[in-house]
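Work through the exercises below with the structure open beside the text. Each task is followed by a solution in steps.

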Amino acid sequence: MQTILSVSNVSKTYASGFQALKAVNLDIRRGEIFALLGPNGAGKTTLISIICGIVRASSGSVVVDGHDTVRDYRAARALIGLVPQELTTDAFETVWATVSFSRGLFGKPPDPAHIEKVLKSLSLWDKKDNKIITLSGGMKRRLLIAKALSHEPRVLFLDEPTAGVDVELRRDMWTLVRSLRDTGVTIILTTHYIEEAEDMADRIGVISKGEIILVEDKAALMHKLGKKQLTLQLQQPLRAVPDALASYPLVLGAEGHELVYTYDSQAEQPGIAALLKSLDEAGVQVKDLSTTQSSLEDIFVSLVRSEQP
């Protein structure tokens with residue numbers, strides 16, 4: 001798939017000496033939804049700010065659809081829409097005026113039909129003449145997205161877009177994101193709701209301490225790093241795992257009523273058949289069994305922990 005955004009050896013060191021980014025390399029594919037995950041302070045917002053031209057990198061380069069963000073700033077920036085974390089709007093402007101003004105900032109000619117389409121897609125049409133100060137927090141969040149979409153960007157950054165919004169609005173936003181992706185817009189999002197990334201993203205990137213530690217297709221990541229657990233409910237409780245089963249990675253739970261067997265989901269032979277045979281030979285009777293697989297959150301936490309000293 002063609003690359004629309006390329007980050008090459010980007011580093012950022014602030015005047016205080018703090019190094020927020022360390023030689024970051026990242027390629028974003030045209031038309032994908034890419035989730036950038038990382039703990040607070042990992043460098044997510046700094047990286048987005050550099051790509052969007054808000055912060056200047058100490059070194060390295062960013063190219064958006066063939067346009068260098070420093071040498072060809074205007075053309076590069078016109079391709080990008082940004083929905084920031086903070087609700088920063090002119091409180092006494094109307095919804096229509098502020099979205100139309102945002103379009104004009106990028107040198108785009110007036111297009112009332114496009115503005116109407118954006119406002120309707122975000123359920124803001126009936127608020128078009130309202131002053132921003134009168135909007136609820138959720139409506140202001142929608143307005144930020146409308147402003148970002150006003151100039152018809154090809155790359156859209158969503159920096160914690162659903163932070164502090166209700167479940168209904170979050171669902172509406174992701175419906176919109178999917179529809180944008182279907183029209184060819186490339187979406188890069190950061191989120192603390194890891195289940196959103198698991199549901200929405202085509203690829204996952206993890207950043208920790210200013211470095212990209214992993215970029216992977218979501219399905220491949222879940223397959224490669226996910227663990228499965230087989231939970232065996234026992235007919236009779238055990239006080240301890242029998243010695244005959246010591247070679248298996250079994251953990252006793254539920255006050256002796258369960259045995260939990262963890263195995264690699266990628267393994268061709270997870271050893272379940274052999275385990276069940278050994279249980280039978282040891283006289284351990286199984287009443288029921290169930291399997292679960294690691295979530296993306298489990299994988300993310302284990303990756304970040306492995307990076308800590």
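**Exercise 1.** How do the residues of the lining of the largest cavity divide into nonpolar, polar and charged?

Solution. The model is a predicted one, in which local features need pLDDT of at least 70, side-chain atom pairs count only at pLDDT 80 or more, and totals for chains, interfaces and linings use all residues. Residues are numbered from 1 along each chain as its sequence is written, and side-chain values use heavy atoms, with hydrogens and water left out.

Step 1: fix the terms. On a 1 Å grid over the protein atoms alone, a cavity is a set of points where a 1.4 Å probe fits but cannot get out; a pocket is an open set with protein on both sides within 12 Å along at least five of seven lines; lining residues have an atom within 4 Å of a point. Grid points are joined across faces, edges and corners, and a volume is the space filled by probe spheres set on the points.

Step 2: count and size. There is 1 cavity of 30 Å³ or more, and the volume of the largest cavity is about 40 Å³.

Step 3: list the lining. Leu5, Leu26, Ile28, Leu36, Leu47, Ile48, Ile51, Phe157 and Ile188 line the largest cavity. Strand E2 (19–29) and H1 are the elements that give two or more residues to this lining (helices, H or I with at least four residues, and strands, E with at least two, are DSSP runs numbered from the N terminus). H1 provides the largest share, 3 residues.

Step 4: sort by class. Ala, Val, Leu, Ile, Met, Phe, Trp, Tyr, Cys and Pro count as nonpolar, Asp, Glu, Lys and Arg as charged, and the others, Gly among them, as polar. The lining of the largest cavity therefore divides into 9 nonpolar, no polar and no charged residues.

**Exercise 2.** Which residues are the closest to the centre of the largest pocket?

Solution. Step 1: the largest pocket holds about 430 Å³ of space. Step 2: it is lined by 18 residues, and Ile54, Arg77, Leu82, Pro84 and Lys147 are the closest to its centre. Step 3: helix H1 (44–51), helix H3 (95–105) and helix H5 (137–149) each supply at least two residues of this lining. Step 4: by class, the lining of the largest pocket has 8 nonpolar, 6 polar and 4 charged residues.

**Exercise 3.** Which element gives the most to the lining of the second largest pocket?

Solution. Step 1: about 280 Å³ of space lies in the second largest pocket. Step 2: among its 13 lining residues, His114, Lys117, Val118, Leu180 and Thr183 are the closest to its centre. Step 3: helix H4 (112–121) and helix H6 (167–182) are the elements that give two or more residues to the lining. Step 4: H4 gives the most, with 4 residues. Step 5: the lining of the second largest pocket divides into 6 nonpolar, 4 polar and 3 charged residues.

**Exercise 4.** At roughly what angle do the axes of H5 and H6 cross?

Solution. Step 1: axes are lines fitted to C-alpha atoms, for helices over the stretch in contact, and angles run from 0 to 180 degrees between N-to-C directions. The axes of H5 and H6 come within 11 Å and cross at roughly 15°. Step 2: H5 is therefore roughly parallel to H6 (angles under 35 degrees count as roughly parallel, over 145 as roughly antiparallel, 65 to 115 as roughly perpendicular and the rest as oblique). Step 3: Gly138, Arg141, Arg142, Ile145 and Leu149 in H5 meet Leu169, Asp172, Met173, Leu176 and Leu180 in H6, where contact means heavy atoms within 4.5 Å. Step 4: the residues of this contact divide into 6 nonpolar, 1 polar and 3 charged.

**Exercise 5.** Which residues of H3 meet H4?

Solution. Step 1: the axes of H3 and H4 come within 11 Å and cross at roughly 120°. Step 2: that makes H3 oblique to H4. Step 3: Val95, Trp96, Val99, Ser100 and Arg103 in H3 meet Pro112, His114, Ile115, Glu116 and Leu119 in H4. Step 4: this contact of H3 with H4 has 6 nonpolar, 2 polar and 2 charged residues.
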